[in-house]
Amino acid sequence: MPEQKPWDETTGSGAISGAGAGGGMDLAMDEGTTLEKTPGGPEGTGPAGKPRSLWSDAWRDLRRNPVFIISSLVILFLVIISIWPSLIADQDPLDCDLAKAQEGSQPGHPFGFDGQGCDVYTRTVYGARTSVTVGVLSTLGVSLLGGVLGGLAGFFGRGWDAVLSRITDVFFGIPVVLGGLVFLSVVTSSTVWPVIGFIVLLGWPQIARIARGSVITAKQNDYVQAARALGASNSRMMLRHIMPNAIAPVIVVATIALGTYISLEATLSYLGVGLKPPAVSWGIDISAASQYVRNAPHMLLWPAGALAVTVLAFIMLGDAVRDALDPKLR
C-alpha cells in the first residue's frame, strides 16, 4: 500500500488526508490558508507540515495592519504617561493660581490655564491615568464576570441558561446614563472604584451573551463530543477544549467596549455623579470648561481632544482585532 503524504504537491488540492484511531479525517482548507513546510520559511510559525493556528494567523495579520500599529502606539503612549505622567509633565495638576485663570498659552504652559488657574496641559496629562485605569479595570471586571456566567450558561444550559437569560434581560432594560445618575448620586467617594463597580454591574450582560453563544457553538464541535465520549470531566472540557476556541469573540467585544467605558466615565463625571474633585479627570475638566467655552475655548479643546483620541484608538484597536480573529472576514 503506498505511503500517504500529508500534502500532495502534484494534485494541488487543498485537503489533508490521514487516518487515526477514530477513523478517517479530511480537513478542507480555504484558498487563503497555506501549510508551512519548514519552520524557517518566510512565514514559518511551527513544525513542518503543520497549519498555523487561529492565534498565529491573527497575529500575522495584525502585524501587517497599519490601523493596529497606529492604535497600539497611541495606546502604549497613553499607558506610559498614565503610569509615569511626570515624564512629560513636571508640575502638580492641583497647583493653581487664580491670577492666571483663563489665560491662554504661555512659555512653559502650552495649553494655557483653566478657570481656577490650573495648568491645562498638566491636568490633561494626569487625566489620562484616570481614563485608562477606569477603562482597563472595567473591561477586566466585565470580561471576567460576564465570561464566567455566560460560559457556564452556555455549557450547562437548561435551568441555568434560562435564569441567566432573564437576568440579562432585566439589566439590558436599565438605561446606562440614568442608572449612573441613580446609582452614583448616593456615593460620596471621589475615587475610581464606584465608577468601575457601576460599569461592571451594567456591562457584564453584553459579554455574558457573547460568551454564551460562543460556548454553545464550540461545544457542538466534534472534538468536544469526542472528549466527552472519552470521559473528560466538565472542567477539562471547558478549560482545554471549549474556552480556547470560544474566547475570541469575547476579546473582540471587550476591546471595543473599553473605549466606550472611557467615554462613559467622562460622561458621568461631566454630569457630576462620576469622579469628583479633587480627582483629575477629563470629564471633570470638560464640565468645568463648558461655562467658559466662549471666552476660553482652549479649556475645553485639549481635554475633549485627548478623550476623543483615546476612545478612537481603542475602537480602532478593537476593529483590527475583530478583523484578524473573525474567519468570515478572511
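**View A. Around L201 in helix α6.** In this predicted model, take away the residues within four places in sequence, and L201 is in contact with F171 and F183. L201 lies in helix α6, and with a relative accessible area of 35% it is partly exposed. Here's a nice one to find on the chain: G141 is 60 residues from L201 in sequence, yet the two are 9.1 Å apart in space, going from C-alpha to C-alpha.

**View B. F171 meets W204.** You've already met F171 as a contact of L201. How do the rings of F171 and W204 sit relative to each other? They form an edge-to-face aromatic pair, with 5.5 Å from centre to centre and 65° between the planes. F171 belongs to helix α4 (residues 158-172) and W204 to helix α6, so this pair links distant parts of the chain, 33 residues apart. As for W204, its relative accessibility is 6%, and that counts as buried.

**View C. F111 stacked on W302.** To read this view, remember that a pair of aromatic rings is described by the distance of the centres and the angle of the planes. For F111 and W302, those values are 3.9 Å centre to centre and 5° between the planes, and the pair is stacked. Why does this pair tie together parts that are 191 residues apart in sequence? Because F111 lies in the loop between α2 and α3, while W302 is in helix α11. F111 counts as buried at 17% relative accessibility, whereas W302 is partly exposed at 33%. Look for Y121 here too: ring pairs link F111, Y121 and W302 into a cluster. Across the structure, the count comes to 6 aromatic pairs.

**View D. The disulfide of C96 and C118.** A quick reminder first: a disulfide is a covalent bond between the sulfur atoms of two cysteines. How many disulfides does a search of the whole structure find? The search turns up 1, and C96 and C118 form a disulfide with their sulfur atoms 1.6 Å apart. The link between C96 and C118 is right-handed, with 75° about the S-S bond. Both cysteines lie in the loop between α2 (66-83) and α3 (120-156), so the pair ties together parts that are 22 residues apart in sequence. Is C118 buried or exposed? C118 is buried, with a relative accessible area of 4%, while C96 is partly exposed at 34%.

**View E. The bend in helix α8.** Helix α8 covers residues 234-246. If you drew a straight helix of 13 residues at 1.5 Å a residue, it would span 18 Å, but α8 spans only 15 Å between its end C-alpha atoms. Where does α8 bend? The bend, about 30°, is at R240, and within four residues there follows a proline, P244. Now check which residues of α8 are tucked away: the buried ones are M237, M238, I242 and A246. These buried residues pack against α3, α6 (193-218), α7 (222-229) and α9 (248-270).

**View F. Two nonpolar cores.** The largest nonpolar core has 25 residues, and I262, L307 and L325 have the most contacts inside it. Which elements give two or more residues to this core? They are α1 (54-63), α2, α3, α9, α10 (282-289) and α11 (298-325). Of these, α11 gives the most, with 10 residues. There's also a second, separate core of 24 residues, and V142, I196, V273 and I284 are included in it.

**View G. S138 in helix α3.** S138 has its place in helix α3. Is S138 buried or exposed? At 0% relative accessibility, S138 counts as buried. Which residues is S138 in contact with, leaving aside its neighbours within four places in sequence? T133, I196, I199, V200 and Y261 make up that list. If I196 rings a bell, that's because the second core in View F includes I196.

**View H. D285 in helix α10.** D285 lies in helix α10, and its relative accessible area of 11% makes D285 buried. Skipping its neighbours within four places in sequence, you'll find D285 in contact with R123 and P303.

How values were computed: Residues numbered from 1 in each chain as written. Predicted model: local features only at pLDDT ≥ 70, side-chain atom pairs only at ≥ 80, totals over all residues. Heavy atoms only, no water. Disulfide = S-S within 2.5 Å. Buried < 20%, exposed > 50% of the residue type's maximum accessible area, 1.4 Å probe, protein only. Expected span 1.5 Å × (residues − 1). Bend = angle between axes of the 7 residues up to and from the residue. Contact = heavy atoms within 4.5 Å. Core = buried A, V, L, I, M, F, W, Y, C linked by side-chain atoms within 4.5 Å. Phe/Tyr/Trp six-rings, centres within 6.5 Å; stacked < 30°, edge-to-face > 60°.
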